[in-house]
Amino acid sequence: MRHWLSRLPGFFPPLLVFLAALGLWEAIVRVAAIPPYILPAPSLIVATLYNDRAILFPALWITVEITFGAFLAATLGGVLLALCFARWPWAERCFLPFAIILQVTPIVAIAPLLVIYLDADSAVLTCAFLVAFFPILANTSLGLAATDRMLVDLFTFYGASRSQMLWWLRWPSGLPYFLGGLRIGGGLALIGAIVAELAAGAAGKGAGLAFRITEAGYRLNIPRMFAGLTLISLTGITIFFLLSAVSRLLLRHWHESARSSER
Amino acid sequence: MMQNEPARILVSLRDVSKVYRNGTEALRDISFEVRQGECVTLLGPSGCGKSTVLRLIAGLDPVSSGVLTHERGETVGPDSRCDMGFVFQEPALMPWANVFDNVFLPLRLIGQRRKETRSKIEAILAQVGLSDFQKAYPNQLSGGQRMRVSIARALVRDPALLLLDEPFAALDEITRFRLNDDLLRLRETFGTTFVFITHSIYESVYLSSRILVMAAAPGRIVEEIAIDASLERDENFRLGETYLAYCRKVTRALEYASGARV
């Protein structure tokens, strides 16, 4: 006999657990009468989201804009550089170490420097770009290199040109890796944007969500901090689901990762 | 028809050797020629360089010494390749493309349009019994069906010479018999010449007009066995006394070749 939970649609069990946790949270706050400046109840957080919408949503828009811009730039940059690496292997030997150095140095440590050298807006954008860039570059490079030997022979045998080989063979066979890189990069772009906003503080002309959270912290407006946090995680979740959907759509016919788990 | 006039030579190898960069001598003094209408099988223990011979003919690897000549002149340019098809050990299909597009690839690579070639590709898919699978993706096909797609792809440019590198090694016996018969039928339809690699004695006798038995270290040809081409290749042939006699003969040659290695 299968457990009744396993017969529900896939998204249902986690949703149930999540709602149960929220309910428990609400109950504890009410029963123990915890003051909102220590731990606000979920209902209060939702109310704050609504009441402070004039502050929070413009801030969300700014953060989303930065994240999206950085993600786009990282995707373009990562793919272009990966294509260069694939075309000229010596370029990979020359430049990959630098990409790795940038990757392994924690972005939180680089952000304050960027804020000094660049104006606040470009610093935030650069920061988000730097974290999102590497996984896209690394995955795309890996994908372009991981081509089936026999297919390479096949293309060679039929006299494929270099560009035919790249666009009709290496690119499609690397696509799953590239999309994996995008999923990681999308999440990291948001993290990068938040980290940079924290470092930049109020220096930027438009204040993003991270700035609003810090500001609310100074005022001990804990419910608003939670409301801001909620918006950030919702943004992250949305990015993840959008990119997963794109990935499934593009790979649905052929790649194992896009097969439905139903048998 | 071709018994009357001497058939033209499609490929000839004269004292061809292959030494890899690390010094391994893969092939030594390989000499043979393939005439139009033949099915020449290279048979030998693993590691004897059968596949290497095929790769040299295909122009995928350069010859170290000796002369390899295609009908159109000395190797090896894209020009000489136009007249060949290659069936690899595995189906080697593009998993992201459906059956039609996989078969279309060799034509697409020389700049032909999908529309212009549709009827041709449909005809070839019908020949290999895959008419209903044009839109299917490789992961929806069985192993035998994938191999048929691979064969269709190899035939799509109407090659004079078809190179097959142990194409059926991974298939079960029944599928293998069926594909052997299909191959013979296709050969009649298209008039294609075959160079076939296998390590199955039975398959080699069933398909070939000539068997070249190879030995390893270094790879070389130790014996040549002609199979009477006039014999009808069907189930009766496979069960008959002549077939078994040929198989015994080839077995002995192969035993000698394998022994000669040690």
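Two residues are taken to be in contact when heavy atoms of the pair lie within 4.5 Å. With that in hand, the predicted model can be read from a single lysine outward to the interface and then to the partner chain.

A good place to start is B:Lys50, a residue of helix 1 of chain B. Setting aside its neighbours within four places in sequence, B:Lys50 touches a run of residues comprising B:Leu42, B:Leu43, B:Gly44 and B:Pro45, together with B:Glu166, B:Ile197, B:Thr198, B:His199 and B:Met214. B:Lys50 is buried, and yet no salt bridge is assigned to this lysine. The nearest side chain of opposite charge belongs to B:Glu166, at 4.0 Å; B:Glu166 also appears among the contacts of B:Lys50 listed above.

Attention now turns to the meeting of the two chains. On the side of chain B, 25 residues are in contact with chain A, and they meet 18 residues there. Together the chains bury about 2200 Å², with carbon and sulfur atoms accounting for 69% of that area. Within chain B, the residues that lose the most area to chain A are B:Trp96, B:Leu109 and B:Asn139, which together make up 31% of what that side buries.

Polar links across this interface can be listed briefly. Three residue pairs, with both members at pLDDT 80 or more, are in polar contact between chain B and chain A. One salt bridge is found across the interface: it pairs A:Asp153 with B:Arg55, and the closest N and O atoms of the two are 2.7 Å apart. Several elements of chain B each provide at least two residues of the side that touches chain A, namely helix 1 (50-58), strand 6 (84-87), helix 3 (99-108) and helix 5 (143-155). By residue class, this side of chain B is made up of 16 nonpolar, three polar and six charged residues.

It remains to introduce the partner, chain A. This chain holds 10 helices and zero strands, and its pattern along the sequence is accordingly written α-α-α-α-α-α-α-α-α-α. Along the principal axes, the C-alpha atoms of chain A fill a box of roughly 75 × 65 × 25 Å. Chain A has 263 residues, of which 40% count as buried. Contacts in chain A between residues at least 6 apart in sequence were also examined by separation, and 71% of these join residues at least 24 apart.

Note on methods. Residues numbered from 1 in each chain as written. Chains lettered and ligands numbered in written order. Predicted model: local features only at pLDDT ≥ 70, side-chain atom pairs only at ≥ 80, totals over all residues. Heavy atoms only, no water. Buried area = accessible area lost by both parts, 1.4 Å probe. Polar contact = N/O pair within 3.5 Å; in protein donor to acceptor, adjacent residues only side chain to side chain. Helix = DSSP H or I, 4+ residues; strand = E, 2+ residues; numbered from the N terminus. Nonpolar A, V, L, I, M, F, W, Y, C, P; charged D, E, K, R; others polar. Buried < 20%, exposed > 50% of the residue type's maximum accessible area, 1.4 Å probe, protein only. Lys, Arg positive; Asp, Glu negative; His and termini not counted.
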